[in-house]
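Let us read a fold together, one feature at a time. The structure comes up next.

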Amino acid sequence: MKFVLRIEQQKGFGVNALPSCFHRSSSPIGSDVSFLPGLHSQFAYFSAVSLPTRFDHCVVHVSDWERSNSFYRDVVGVEIISKNGRWSYRFANAQLNLHGPGVQANPLAKIPVPPGGSDLCFEWSGPIEEAVDHLKAHSVEIELGPVQRGGARGDGVSIYFRDPDGSLLEFISYLK
């Protein structure tokens, strides 16, 4: 998703020659606009440009196929896909592709993520208390939470835990 920035003119504050890709939005980005010297943060806003894109997949590196497949199937609730000697985890509208033992992926990121080096959030469609009970039933330790967090759909309540390699995982619930 591409983000653009618009600086509003307010009470004598002028903005000279902003690129044409900048457009109006009503969502504040917060207080850090240090990359725009001389401008006050209350005038900075951002929004997504409407492009024909949406998230499809990302890559997670695992060290043990059987252990990871069991964990992601039973704890996260993914559908395990096997194709051409490789594994992927499918859920709802996206997928985790996997690198791991015996996989020679090409191309790779400039600095490939190691096993345990990912940080992923999954939406839990029920109350967060149900997610807590689910993790306990699978003997998965909750590292943090429930805590208030912001996600793709706004404010929610999250719990944090780890996969068998140590990647940080999060369940977020948007139920009020």
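**A glutamate in the sheet**

Q: Which side chain makes a polar contact with the side chain of Glu170?
A: A polar contact is a pair of N or O atoms within 3.5 Å; within protein, one must be able to donate a hydrogen and the other to accept it, and residues adjacent in sequence count only if both atoms are side-chain atoms. Here the side chain of Ser158 makes that contact with Glu170, at 2.5 Å. The side chains of Glu170 and Tyr160 are also joined, by a polar contact of 3.4 Å.

Q: What kind of model is this?
A: It is a predicted model: local features need pLDDT of at least 70, side-chain atom pairs count only at pLDDT 80 or more, and totals for chains, interfaces and linings use all residues. Residues are numbered from 1 along each chain as its sequence is written, and side-chain values use heavy atoms, with hydrogens and water left out.

Q: Where does Glu170 lie?
A: Helices (H or I, at least four residues) and strands (E, at least two) are DSSP runs, numbered from the N terminus. Glu170 lies in strand E11.

Q: How is the sheet ordered?
A: Two strands pair if DSSP finds at least two bridges between them. Four strands form an open sheet, ordered E8-E11-E10-E9, with mixed pairing. The edges are E8 (119–123) and E9 (144–151), each paired on one side only. From one strand to the next, the twist averages 35°.

Q: How many bridges link E9 and E10?
A: Six, and E9 and E10 (residues 154–162) pair in the antiparallel sense. Ser158 in E10 is the bridge partner of Val147.

Q: Which helices pack on the sheet?
A: Contact means heavy atoms within 4.5 Å. Axes are lines fitted to C-alpha atoms, for helices over the stretch in contact; angles run from 0 to 180 degrees between N-to-C directions. H1 (residues 65–76) touches E8, E10 and E11 (168–173), and its direction makes about 15° with that of E11. H2 (residues 128–137) touches E9, E10 and E11, and makes about 5° with E10 in direction.

Q: Is Glu170 buried or exposed?
A: Buried means under 20% relative accessible area, exposed over 50%, partly exposed in between (1.4 Å probe, protein chains only). Glu170 is buried. Across the protein chain, buried residues make up 35% of the 176 residues.

Q: Which side chain of opposite charge is nearest to Glu170?
A: Lys and Arg count as positive, Asp and Glu as negative; His and the chain ends are not counted. A salt bridge is a side-chain nitrogen of Lys or Arg within 4 Å of a carboxyl oxygen of Asp or Glu. Arg149 is the nearest, 5.5 Å away, and Glu170 has no salt bridge.
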